[in-house]
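Got the viewer open? Load the model, switch to a cartoon view, and let's walk through it one selection at a time.

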Amino acid sequence: MEALCQRIFERHRDAIRVRKPHVAVANLARIVEATLKLSNRQGFHATSLRDLAEASGLSMGGLYAYFPNKTTLLAMILGEVAHAAQEALGAPPAAIAGDPRRHLAWLIESHIRLTEVMQPWFVFAFMEAKSFPAAERRQAIDSEAATETMIAEVLRRGTADGVFSIADIDLVAALIKPLLQEWYVKRAKYRKRGTSIETYIAATTDFIMAAVRARPPS
């Protein structure tokens, strides 16, 4: 949480009125953690700044030192989700970048492991999107579309190379994305079944590779 809030502080340093990094980051962590918990319980739209002040232990004036309104706070959180996804998924290791099959498997695993680490953040962005203001809803949609585009690009390259056999690449990429989201959205279901993250990654990878009719590595 503090590492992610450190990045929020660095990106919004000019707007945040608290200048001491260690104080600002610690308080941002309290604010974001409270926001995610309250939103999970009652929804972001129904959460007031007064609720957030009470849950975070900061005063209303203390909150305003970090953002002027809930919409700005929302944009900060969504921006970090989008940035983390781009950073984690946008730069595959050089050793696999030229191999579509390995690149696809890497994208699957990296996405699932990222959402494991940032589960409350991704659940917030996914579950609350329908109630976001228009600009922030578009921000959430664009972030999801960016990941889908990464998947489609690998599928397109693999199909051109004869590694995959896919009739409608964009549709298949759109169908893969929910399988990756399933891990963080339906966490309770897999916890009840005793499904580990390693098992889920392996099963999802096998399922997707079969669906795209991936040619076995030579």
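Below is a tour from the whole chain to its cores, one arginine and two pockets.

**Start with everything.** Keep in mind that this is a predicted model. Colour by secondary structure and you'll find 12 helices and zero strands, so to speak an α element at every stop from the N terminus on, α-α-α-α-α-α-α-α-α-α-α-α. Along its principal axes, the C-alpha trace spans about 60 × 40 × 30 Å. The chain has 218 residues, and 45% of them are buried. If you draw contacts with a separation of 6 or more, 66% of them link residues 24 or more positions apart. Turn on the surface next: the accessible area is about 11200 Å², with 56% of it belonging to carbon and sulfur atoms.

**Into the largest nonpolar core.** Hide the surface and select Ile31, Leu52, Leu63, Tyr66, Phe67, Met118 and Trp121. Of the 43 residues in this core, these touch the most other members. Helices H1 (2-11), H2, H3 (49-56), H5 and H8 each put in at least two residues, and H2 gives the most, with nine. In soluble globular proteins, nonpolar side chains tend to be buried together.

Now zoom in on Phe67. Which residues does Phe67 touch once its neighbours within four places in sequence are left aside? Show Ile31, Leu49, Leu52, Thr72, Leu73 and Met76 as sticks: those are its contacts.

**Over to the other core.** Apart from the 43-residue core lies another one, of 28 residues. To find your way there, pick Leu155, Ile169, Tyr190 and Val212, which are among its members.

**A stop at Arg11.** Go back to helix H1 and click on Arg11. Is Arg11 buried, exposed or partly exposed? Arg11 counts as partly exposed because its relative accessibility is 36%, between the 20% and 50% cut-offs. Leaving out residues up to four places away in sequence, Arg11 touches Met76, Gly79, Glu80 and His83. Met76 is also on the contact list of Phe67, so to speak a signpost back to your earlier selection. For a sense of scale, draw a distance from the C-alpha of Arg11 to that of Pro216: the two are 205 residues apart along the chain and separated by 43 Å.

**The largest pocket.** Select Leu36, Asn40, Pro120, Val123 and Phe124. Of the 15 residues lining the largest pocket, these lie nearest its centre. The elements giving two or more residues to the lining are helix H2 (21-42) and helix H8 (119-127), and H8 has the largest share, with six. The space inside is about 350 Å³. Colour the lining by class and you should get eight nonpolar, three polar and four charged residues.

**The second largest pocket.** This one has a volume of about 230 Å³. Select Ala125, Ala140, Ser143, Glu144 and Tyr184, the closest to its centre among 18 lining residues. Which helices each supply at least two residues of this lining? They are H5 (70-89), H8, H9 (134-160) and H10 (169-185), with H9 contributing the largest share, six residues. By class, the lining divides into 11 nonpolar, five polar and two charged residues.

**Last look.** Leave H8 highlighted as you zoom out: H8 supplies residues to the largest nonpolar core, to the lining of the largest pocket and to that of the second largest pocket.

How values were computed:
Residues numbered from 1 in each chain as written. Predicted model: local features only at pLDDT ≥ 70, side-chain atom pairs only at ≥ 80, totals over all residues. Heavy atoms only, no water. 1 Å grid on protein atoms, 1.4 Å probe; cavity = no way out; pocket = protein on both sides within 12 Å on 5 of 7 lines; lining within 4 Å. Points joined across faces, edges and corners; volume = space filled by probe spheres on them. Helix = DSSP H or I, 4+ residues; strand = E, 2+ residues; numbered from the N terminus. Nonpolar A, V, L, I, M, F, W, Y, C, P; charged D, E, K, R; others polar. Core = buried A, V, L, I, M, F, W, Y, C linked by side-chain atoms within 4.5 Å. Buried < 20%, exposed > 50% of the residue type's maximum accessible area, 1.4 Å probe, protein only. Contact = heavy atoms within 4.5 Å. Areas by Shrake-Rupley, 256 points an atom, 1.4 Å probe, with all protein chains shown as cover.
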